[in-house]
Amino acid sequence: MRLQATGNLKKLISGYYGDLKKSAESGKPIAWVNVGIPCEIFYAMDIFPFYTENYGAMLGARKEAVKYSKFAEADGISKHTCSYLRSTYGSLISKEGPLGKLPEPTVLVETSNSCVTVLSWWRLIEKATHASCFLFDSPMVEYESTGSHLAYQISETRRMIRFLEAETGKKFDLNRLKKVVKISNEGKRLWRQTMELRTNHPSPLTGADLFTHMFPMVALRGTEQYLEHLKMLYRETKERIKSGEYPVAEEKHRFLWDNLPIWHDLRLFDELAKKGINFVTDTYTQAWGDKFMGEVALDNPIKGLAYYTGGGFLNVHIKKRFSVLLDIIGRYDVDGVVFHADRSCKSYSLIQVQLADQLRQKGIPSVIIEADHNDTRDYNRDSIIERIETLAEMGER
Amino acid sequence: MIKESEALNEFRTIRKNLPEYLKKIDKPVMGYFETYVPEEIIYAAGMHPLRISPNDRQIAVGGSKIESFACSVSINFLDQLLNGTLSFLKGVIFSRYCDSLRAIADIWQENSGDSFYHFIPYPTILTVESINFLSGELKKLVNHISGYFNIKIDEEMLTEAIRISNKKRLAVLKFYDLIKKGKIVINSADFFSIISLATIMDSSEYTQKLEQLMQQTELTDDRSIENSIKVAISGIMLESTQFFEIVDKTGMRMVTDDLMFGSRAFKELVIKTKEGPYHAISKRYLSKIPCSTKGNIDLRIDELIKDCKEAGVKGVIFYLVTFCDSEECEFPILRKRLQAEGIPVIGLEGGYRVSSEGQFLTRLEAFAEQIGEEL
């Protein structure tokens, strides 16, 4: 009962990396960007956006992150730092990886809206590549970007466009951006609708499904292939409900996953599904949902993109994080929360004990498991399964 | 002889009995954790700005409220907030300094009850727009303090606070300069004690004592530790007297530093601008020699190299607090740059306090021997 969209996803991913190589060969500008940067602007300017986190996740999923991290560690980078940083930087300086030597960036564009570690990561890339670098400055907000903060985010978006024009020679065209944003909006709508289908009992998708299919949401927003893929995913998910063919037919527990997945062990979700535990929602893919990356008004797309850059999931304070958590627990009828304390994502993980305490006060059970999204060393799968099973047993009692 | 200096003994006593000193402060005390929070605003509010430093107590409650891979300095801060050590504060002010401290801010916001809490959304870059944005945020901070404590803070009070802080900065910079030039010879532990107190003590009192100390020591002809090996110490929150004592034991002597609460906290003054004090303060804090958490590595390293050359430093000791991602990434870059300049560097890693004195001592002795031979 495999989703056809999963087969299509492989084509999308290989197409994306194929386009990266083609861009390098043809001289099309390549921007190395990090995940908080709005890719719509890059597609509208005909600049290829290469998402380093996405590349890192690929290394993780292929269980190759440690191999490349070791190059970074040999260069003096501590094992304690983010494994996205280590694995991608290691691949860069070793000139090795699934794609071979990574294509050189024309420019580097980073944003501070996810974590402070990004700033260090990009300094290392900047030193290794000598490419011009732009920092999209995004101070934290309580709930959302408004007032002077939004004005600042708009000015940063415009400053970024000026930088891209100057460094790549590509001209920005507002009408072209509107066309890209229109496609991006349609895809976002489909993504939201697909996520909503997970409220069904049983859920038509597993945790692994959405983590896998978030790739186009991260890297391809505004492209035709992104839209086609999301249409396919939505259609197939709906068909599953109609036909009653569910991935976890005997869904005894509807759990929520908080944080990045463990990319090197997405099969963990399959293992737990055998025991009737399905992850019907998560906070990570919600970061590309309507609360943090909703549709953008076409009459002023720069303002809309700036709004979501400023109010990104990791750029807001705990009160919003908690309110979103409560909201999705209710909407998806969640009966247990698994907090993945991800050693490689401090900005996501370090408030989880507090969030778990607050959930406990509301009678919502949770468990904290510790792992690393990319680094397979020190990974204790048995202990993690045991802890999640214990959470399930608590619910049964 | 500097050891007999009355002012130095006073600094030593305050550092050793910090809780006693803090108890005697006769103003409401506002806490902050890193040197991007403008102390001028707290002074203007008639309060005492206190930079919270890690204490020596064993971590208790704080350790159970946050994952173990947060840096130990942050865990210590959280512990102090939650266990009541900091209950004498009227409130705390945070900014987004690093990912660990940002989490402490969030956790404390949820546990602080009715006490004053403020988070400054802080820009990372220096542009006209970022200065204007921060100016606006600092006005919001002032309005929050004014409303919460029912006090008036006007531009005149801010200007006076700027004057006091600038006077302190000038005194501290003079102190560094005298040490660099060898006109003051002081061991590392005393140097650390004096500098760390600049953001803990009352500014006017501190400036007065430091000026008094500099007057006395400029007159001394004692040079008993003059032959020790000159080093610089780099890092962020290295706040352990014990560590500096170890450095002294090895025959090395800190003559300049690159610490968050050290030279980096004082190098720029608030310069009057036509846009007013908020703009001037914002410009100063965004122009600071940046910590590694702010991304501009080269500026920090350039400054460290310049200081090393001016002070005739023979080596750099870099102290890394485990789980500080920013420093963990910056150190390899810093090491390469220093080595290219012919400046030997040793990297040490540990927590907020020294837990393995023997190990540090052995490594530092070896480093002292290495750089001593190169003299």
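1. Burial first: in this predicted model, 63% of the 375 residues of chain B count as buried. The chain exposes about 13,800 Å², and carbon and sulfur atoms supply 50% of that area.

2. On the fold of chain B, I get 15 helices and 8 strands. Its radius of gyration is 20 Å, close to the 21 Å from the globule rule for 375 residues, so chain B is as compact as a globular protein of that length. The C-alpha trace spans about 60 × 45 × 40 Å along its principal axes. As for contacts in chain B between residues at least 6 apart in sequence, 73% join residues at least 24 apart.

3. Now charges. Chain B has 46 positive and 53 negative ones, and their mean positions are 2 Å apart. Salt bridges come to 61 over all chains. One network in chain B links B:Lys180, B:Lys267, B:Glu303, B:Lys306, B:Asp307 and B:Glu310.

4. Two pairs in chain A are worth a look within their helices. A:Lys22 and A:Asp19 form a salt bridge at 3.9 Å, N to O; both sit in helix 1 (residues 4–26), 3 residues apart, about one turn of the helix. A:Arg360 and A:Asp357 pair up at 2.8 Å, N to O, again 3 residues apart, this time in helix 17 (residues 352–361).

5. Which partner in the helix 17 pair is buried? That's A:Asp357, at 16% relative accessibility, while A:Arg360 is exposed at 55%. In the helix 1 pair, A:Lys22 is exposed at 53% and A:Asp19 is partly exposed at 30%.

6. One more bridge joins A:Lys101 to A:Glu104 at 3.2 Å, N to O. Here A:Lys101 is partly exposed at 43%, and A:Glu104 is partly exposed at 47%.

Note on methods: Residues are numbered from 1 along each chain as its sequence is written. Chains are lettered from A and ligands numbered from 1 in the order in which they are written. This is a predicted model: local features need pLDDT of at least 70, side-chain atom pairs count only at pLDDT 80 or more; totals for chains, interfaces and linings use all residues. Side-chain values use heavy atoms; hydrogens and water are left out. Helices (H or I, at least four residues) and strands (E, at least two) are DSSP runs, numbered from the N terminus. The radius of gyration is taken over C-alpha atoms; the globule rule is 2.2 Å times the number of residues to the power 0.38. Buried means under 20% relative accessible area, exposed over 50%, partly exposed in between (1.4 Å probe, protein chains only). Contact means heavy atoms within 4.5 Å. Accessible areas come from the Shrake-Rupley method with a 1.4 Å probe; for residues, only the protein chains shown count as cover. Lys and Arg count as positive and Asp and Glu as negative; His and the chain ends are not counted. The place of a charge is taken as NZ of Lys, CZ of Arg, CG of Asp or CD of Glu. A salt bridge is a side-chain nitrogen of Lys or Arg within 4 Å of a carboxyl oxygen of Asp or Glu.
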